[in-house]
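Open the model in your viewer and keep the selection box at hand. This tour goes from stop to stop, saying at each one what to select and what can be found there.

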Amino acid sequence: MNRIRFLATTAIVLVMAGAASAQTAPSPEFPLPYDSQRGVFSFATGLERSLAAVVRVTTLGVSTGPSRDGNEPTAVSGGSGVIIDAEAGIIVTNNHVVEGGQKFRVDLADGRLLDAELIGADLATDLAVLRITAGGLSEVETVDSDTLRTGDLAFAVGYPLGLDQTLTMGVISGLGRSGMGDAVEDYIQTDAAVNSGNSGGPLLDSRGRLIGINTSILSGDFSGGNDGIAFAVPTRIMMFVVEQLRANGVVSRGGIGATLGSLTAERAVELGLGFVRGAIVEDVVPGSPAERAGLLRGDVITRIQNRPVANAGSVQAVVGIAPPGTALTLVYLRAGTEASATLNVEITEPGGVQIGASAVQAFGASFAQTPSGIQVQAVEGGSAAAAADLRAGDIVTEVGGRAVSSLADFGARLGGRGDAVLTVARTDGEAEVRIRR
């Protein structure tokens with residue numbers, strides 16, 4: 001109790017001191033949001049305009065149990081979403097909210113219940129676009145997430161844990177987060193409370209403008225509870241994906257023809273580097289943009305398009321949303337000397353096999369020869385390899401039922417038509433992976 005009284009007394013002194021200094025301090029150009037009628041500080045005015053655009057999304061699928069309605073779709077998952085185009089009825093949510101669904105239902109903030117059409121989804125960024133037909137819709141204003149700074153206020157909105165629309169507040173606690181999986185990652189990190197059901201809902205700034213789509217949380221145990229670390233896809237990536245899904249129903253991505261790995265402490269010591277942030281070029285595909293730009297195995301990429309590179313995911317986050325033909329500028333280190341290169345993003349043929357000097361790229365995955373055998377080095381999110389559940393670390397022992405021993409043999413056997421069937425060894429046993437071309 002004494003400690004509580006002390007803190008309370010201190011707070012009163014600070015408030016009084018602040019009030020005294022406010023008499024002499026000049027008024028800020030943009031004063032804090034203050035509701036003079038109620039005598040309280042509040043962000044409600046800016047946020048209320050956006051709350052009407054936040055919806056609940058319910059995904060329906062066929063029930064596997066007995067039902068009076070036979071095979072009538074029932075709710076199998078749910079989350080949140082946000083209307084970004086009221087006139088066209090366009091809603092953005094997460095791919096994992098709608099994945100595997102047959103029908104989709106949207107609950108509006110005003111109580112209306114509507115059927116929605118799935119326009120398209122993108123596994124690599126975990127985004128999906130739905131469309132509803134209705135009048136009187138509200139939409140959220142979208143701003144460029146590249147203007148964010150660590151320490152900015154942030155508000156998460158959604159329908160968590162079966163509750164009605166819920167608003168939580170925190171700060172932007174980190175930017176450019178990646179390394180959570182094999183995907184296009186450039187997450188906004190926030191400590192605003194995000195729980196199950198918030199997926200697909202908006203992350204807003206203090207003026208109620210959209211800065212990201214809430215996607216995942218980092219939990220310290222297996223409960224999935226909120227530990228104050230949540231991630232959102234920034235609007236920089238969201239707008240690229242939404243535009244492609246609205247136009248084509250799918251997202252087309254290019255590549256640079258380089259197999260990349262993340263710079264770890266172990267690799268940094270091995271290379272004699274005094275830092276642990278960057279992406280290592282593990283291999284370069286012959287004839288690729290990376291080869292034409294002069295990149296070599298062992299180069300460490302430190303910046304791309306003037307953005308710092310934390311790991312391989314940082315490069316993929318830029319390449320993955322660059323339209324084919326886009327010129328990208330890289331800064332890299334080679335033998336301790338800094339250099340730069342410019343290369344163009346090119347579309348790679350789906351299902352094509354590219355064989356480099358020490359690695360093979362195919363189906364959105366890269367493979368290299370190791371002492372243990374042909375090992376999967378990385379799997380690109382949203383690729384055919386990812387859809388088949390091929391995993392980084394897998395050791396390929398057979399292709400099409402025939403043993404493989406060398407990288408050249410492996411690359412040759414991946415060619416041809418039809419599905420590629422790989423037998424892989426994992427820590428938990430052997431598995432068969434069927435990759436559709």
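Start by selecting T215, and keep in mind throughout that this is a predicted model. T215 touches N94, H96, D126, S199, F231, A232 and V233, leaving out residues up to four places away in sequence. The residue sits in strand β13, which covers residues 210-217, and its side chain reaches the backbone oxygen of I213 at 3.1 Å. Is T215 buried or exposed? With a relative accessible area of 7%, T215 is buried, because buried means under 20%.

**The whole chain**

Now zoom out and colour the protein chain by secondary structure, which shows nine helices and 30 strands. Of the chain's 437 residues, 44% count as buried, and the chain exposes about 21,900 Å², of which carbon and sulfur atoms supply 51%. If you look at contacts between residues at least 6 apart in sequence, 55% of them join residues at least 24 apart.

**The largest nonpolar core**

Next, select I84, L108 and I132, which have the most contacts inside the largest nonpolar core, a set of 48 residues. Add helix α4 (residues 235-248) to the selection, since the largest share of this core, six residues, comes from that helix. In soluble globular proteins, nonpolar side chains tend to be buried together. Then keep I132 alone and show what surrounds it: apart from neighbours within four places in sequence, I132 is in contact with A88, G89, I91, V106, L108, L114, D115, A116 and L137.

**Two helices with a buried face**

Select helix α2, residues 44-51, and look along its axis. Which residues of α2 are buried? They are G46, L47, S50 and L51, and seen down the axis they fall within an arc of 130°, so they line one face of the helix. The face turned away from that buried side carries the exposed residues T45, E48 and R49. An α-helix has 3.6 residues a turn, so residues three or four places apart point the same way.

Move on to helix α9, residues 407-414, and repeat the view down the axis. Here L407, F410, G411 and L414 are buried, and these residues fall within an arc of 95°, so they too line one face of their helix. The exposed residues A408 and A412 are carried by the face of α9 turned away from its buried side. To see what lies against the buried residues of α9, show the strands they pack against, namely β23 (353-355), β24 (359-362), β25 (365-370), β26 (373-379), β27 (395-399) and β29 (420-426).

**A loop residue**

Now select R149, which is found in the loop between β8 (127-131) and β9 (153-158). R149 has a relative accessibility of 63% and counts as exposed, because exposed means over 50%. Leaving aside neighbours within four places in sequence, R149 is in contact with I172 and L175. Draw a distance between the C-alpha atoms of R149 and L175, and you will find 7.7 Å between two residues that are 26 apart in sequence.

**Salt bridges**

The last part of the tour follows some of the 15 salt bridges that the structure holds. Begin with D186 and R307, whose closest N and O atoms are 2.9 Å apart. This pair links distant parts of the chain, 121 residues apart, with D186 in the loop between β10 (166-177) and β11 (187-190) and R307 in strand β19 (residues 307-308). D186 counts as buried at 11% relative accessibility, while R307, at 23%, counts as partly exposed. Widen the selection to D146, D186, R236 and R307, which are linked in a network of salt bridges.

Then select E346 and R292, whose side chains meet in a salt bridge at 2.3 Å, N to O. E346 lies in strand β22 (residues 346-347) and R292 in helix α6 (residues 289-292), so the pair ties together parts that are 54 residues apart in sequence. E346 is partly exposed at 33% relative accessibility, and R292 is exposed, with a relative accessible area of 53%.

Finish with R391 and D389, which form a salt bridge with the closest N and O atoms 3.0 Å apart. R391 counts as partly exposed at 36% relative accessibility, and D389 is partly exposed with a relative accessible area of 39%.

Conventions: Residues numbered from 1 in each chain as written. Predicted model: local features only at pLDDT ≥ 70, side-chain atom pairs only at ≥ 80, totals over all residues. Heavy atoms only, no water. Helix = DSSP H or I, 4+ residues; strand = E, 2+ residues; numbered from the N terminus. Buried < 20%, exposed > 50% of the residue type's maximum accessible area, 1.4 Å probe, protein only. Polar contact = N/O pair within 3.5 Å; in protein donor to acceptor, adjacent residues only side chain to side chain. Contact = heavy atoms within 4.5 Å. Areas by Shrake-Rupley, 256 points an atom, 1.4 Å probe, with all protein chains shown as cover. Core = buried A, V, L, I, M, F, W, Y, C linked by side-chain atoms within 4.5 Å. Arc of directions from axis to C-beta. Salt bridge = Lys/Arg side-chain N within 4 Å of Asp/Glu carboxyl O.
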